[in-house]
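User: Please take a close look at the aromatic pairs and the nonpolar core, and say how they sit within the chain as a whole. Give the cut-offs for each term as you go.

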Amino acid sequence: MSPVTSAHTAPDNAPPTLGALRAAGHTHRTVKAEVRENLLARLRSGDERFPGILGFSASVLPRLERALLAGHDIVLLGERGQGKSRLIRTLTGLLDAWSPVIEGCPINDHPYAPVCSRCRRLAAETGDDLPVAWVHRSDRYGEKLCTPDTGVGDLIGDIDPVRLAEGRSLGDPESLHYGLVPRANRGVFCLNELPDLPARIQVGLFNVLEERDVQVRGFALRLPLDMLLVASANPEDYTNRGHIITPLKDRFGAEIRTHYPRELDDETALIRQEAALSGAVTVPRHLVEVVARFTRLVRGSSSVDARSGVSARFAIAGIETAAAAAERRAALIGEQRPVARVCDLPPIVETLVGKVEFEAGEEGRETEVLSHLLRRATAEAFRHTVDEATLAPLTDLFADGTKVEAGERVSAAELLSGVGSLPGLAALVTRVEPEQGSGDPTECEGYAGYAAAVLEFAMEGLYLNRRLSKEQLEDRAVYRT
């Protein structure tokens with residue numbers, strides 16, 4: 001949160017001194033007042049309050065907004081990968097774009113109300129010439145991942161031996177090296193995985209939350225901190241690593257439960273938003289839906305430990321692996337514009353098996369369980385996406401005894417040549433991938449990739465619904481009646 005390390009440049013007309021700040025009519029507001037007033041302004045205008053947060057609009061966000069308007073410190077409770085940290089980081093967007101601080105202050109004191117001894121002394125000496133620096137709201141955020149080895153010195157502070165060597169006494173406030181919490185003064189501070197913090201360290205946060213002062217090495221240092229404190233945690237009965245002690249839990253004003261996306265559309269939108277995909281590979285919408293359905297089936301499976309949860313990162317890693325498999329396939333067979341296909345999905349099982357906690361009775365069957373759920377997800381997406389009318393030309397083709405080869409060693413052109421001039425192919429592509437419209441697979445290379453992907457998806461769906469047979473060879477699959 002130091003203005004020295006900020007990546008942003010303050011506005012040219014920003015007042016450089018205390019006197020100029022007063023002349024500009026600046027008003028000092030607390031952090032929670034800033035958040036409250038800016039949130040109200042966005043609610044009235046209809047502007048986005050929490051950018052990039054999906055699936056919480058009717059559940060988590062209204063409760064969070066009420067807590068912020070009430071001026072509460074907050075605990076977000078939820079299983080892993082539900083977006084708790086991501087949500088907390090968006091809170092800085094509710095702060096003022098720029099905020100004045102006393103230049104060089106380690107805890108970002110406001111020029112109107114200095115609290116550390118160094119800044120009070122400097123203000124008394126310089127008066128209206130007190131130098132002012134400006135910090136961007138993105139630099140007014142602090143975060144600590146709580147671990148069992150976290151100490152009071154990390155969070156609150158400790159005596160600085162260098163300053164003692166310079167001749168300062170132990171009781172001199174300026175002999176302190178401030179920890180992460182005081183350095184987050186006048187901003188938002190996040191404690192991730194709070195239950196992992198040892199109980200004796202959690203006790204050290206009591207005064208920060210209630211009295212807003214800190215204690216270091218046995219003597220109390222009155223330091224009225226101005227901050228919004230937010231913590232994230234797994235529900236206590238879902239973790240064996242620790243818990244939030246009751247007195248500390250009582251000092252948080254609001255406890256808000258998060259959840260995984262409840263709607264399939266939110267799940268797919270989250271995957272598209274978060275997945276880091278190479279621009280060289282296209283992942284069709286129907287494959288994203290398959291991975292989203294797969295993730296939801298894994299979460300609901302009796303073979304999976306529901307207490308540990310299945311993170312959103314599970315689905316994100318899955319679609320990234322499918323894209324990587326498509327890129328590898330294209331490099332091996334010489335395709336220039338690869339489009340991910342159903343044959344690129346099986347590799348995700350080996351990638352994701354380590355991200356899931358299984359029930360004890362499933363030991364040794366983990367890959368088999370995920371493979372089965374992936375096939376179920378593919379079948380569900382097929383039934384949801386394709387209707388009988390658009391499938392009729394394809395099923396008629398197989399009724400005539402045609403065999404079609406697909407798989408990772410079969411290019412899009414080879415796959416399409418296997419079905420010839422299928423009359424209903426354009427309608428099938430439009431049905432599965434509406435944004436592609438219609439096109440001639442022989443003339444548009446990009447469209448050919450989509451057409452091959454849709455065709456393979458349709459054949460796999462027919463196979464999983466027992467309407468086609470499939471012979472799996474080493475590097476390809478043969479579909480037939």
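Analyst: The aromatic pairs and the core come after a short account of the whole chain.

This is a predicted model, in which local features need pLDDT of at least 70 and side-chain atom pairs count only at pLDDT 80 or more, while totals for chains, interfaces and linings use all residues. Residues are numbered from 1 along each chain as its sequence is written, and side-chain values use heavy atoms, with hydrogens and water left out.

The chain has 20 helices and 14 strands; these are DSSP runs numbered from the N terminus, helices being H or I of at least four residues and strands E of at least two. Of its 481 residues, 51% count as buried, where buried means under 20% relative accessible area, exposed over 50% and partly exposed in between, with a 1.4 Å probe and protein chains only. The accessible surface is about 21,600 Å², and carbon and sulfur atoms account for 48% of that surface; the areas come from the Shrake-Rupley method with a 1.4 Å probe, and for residues only the protein chains shown count as cover. Contact means heavy atoms within 4.5 Å. Among contacts between residues at least 6 apart in sequence, 75% join residues at least 24 apart.

Two aromatic pairs are present in the structure. Rings of Phe, Tyr and Trp (its six-membered ring) pair if their centres lie within 6.5 Å; planes under 30 degrees apart count as stacked, over 60 as edge-to-face and the rest as tilted. Phe294 and Phe314 make a tilted pair, 5.5 Å centre to centre with 45° between the planes. Because Phe294 is in helix 13 (residues 285-300) and Phe314 in helix 14 (residues 312-333), this pair ties together parts 20 residues apart in sequence. Phe294 counts as buried because its relative accessibility is 0%, and Phe314 is buried with a relative accessible area of 1%. The pair of Phe382 and Phe457 is edge-to-face, because the ring centres are 6.2 Å apart and the planes stand at 75°. Phe382 belongs to helix 16 (residues 366-385) and Phe457 to helix 20 (residues 445-464), so that the pair links distant parts of the chain, 75 residues apart. Phe382 is buried at 4% relative accessibility, and Phe457 is buried at a relative accessible area of 0%.

A nonpolar core is a set of buried Ala, Val, Leu, Ile, Met, Phe, Trp, Tyr and Cys residues joined through side-chain atoms within 4.5 Å. The largest one has 68 residues, and those with the most contacts inside it are Phe294, Val298, Leu394, Leu415, Phe457 and Met459. Helix 20 gives the largest share of this core, ten residues. A second, separate core of 36 residues includes Val75, Leu77, Leu194 and Leu197. In soluble globular proteins, nonpolar side chains tend to be buried together. Leaving aside neighbours within four places in sequence, Phe294 is in contact with Phe314, Ile348, Leu352, Leu370, Leu373, Leu374 and Ala377.

Two other rings have a charge over the face, meaning that NZ of Lys or CZ of Arg is within 6 Å of the ring centre and within 35 degrees of the ring normal. Arg251 lies over Phe206 at 4.4 Å from the ring centre, and Arg299 lies over Tyr260 at 4.0 Å.
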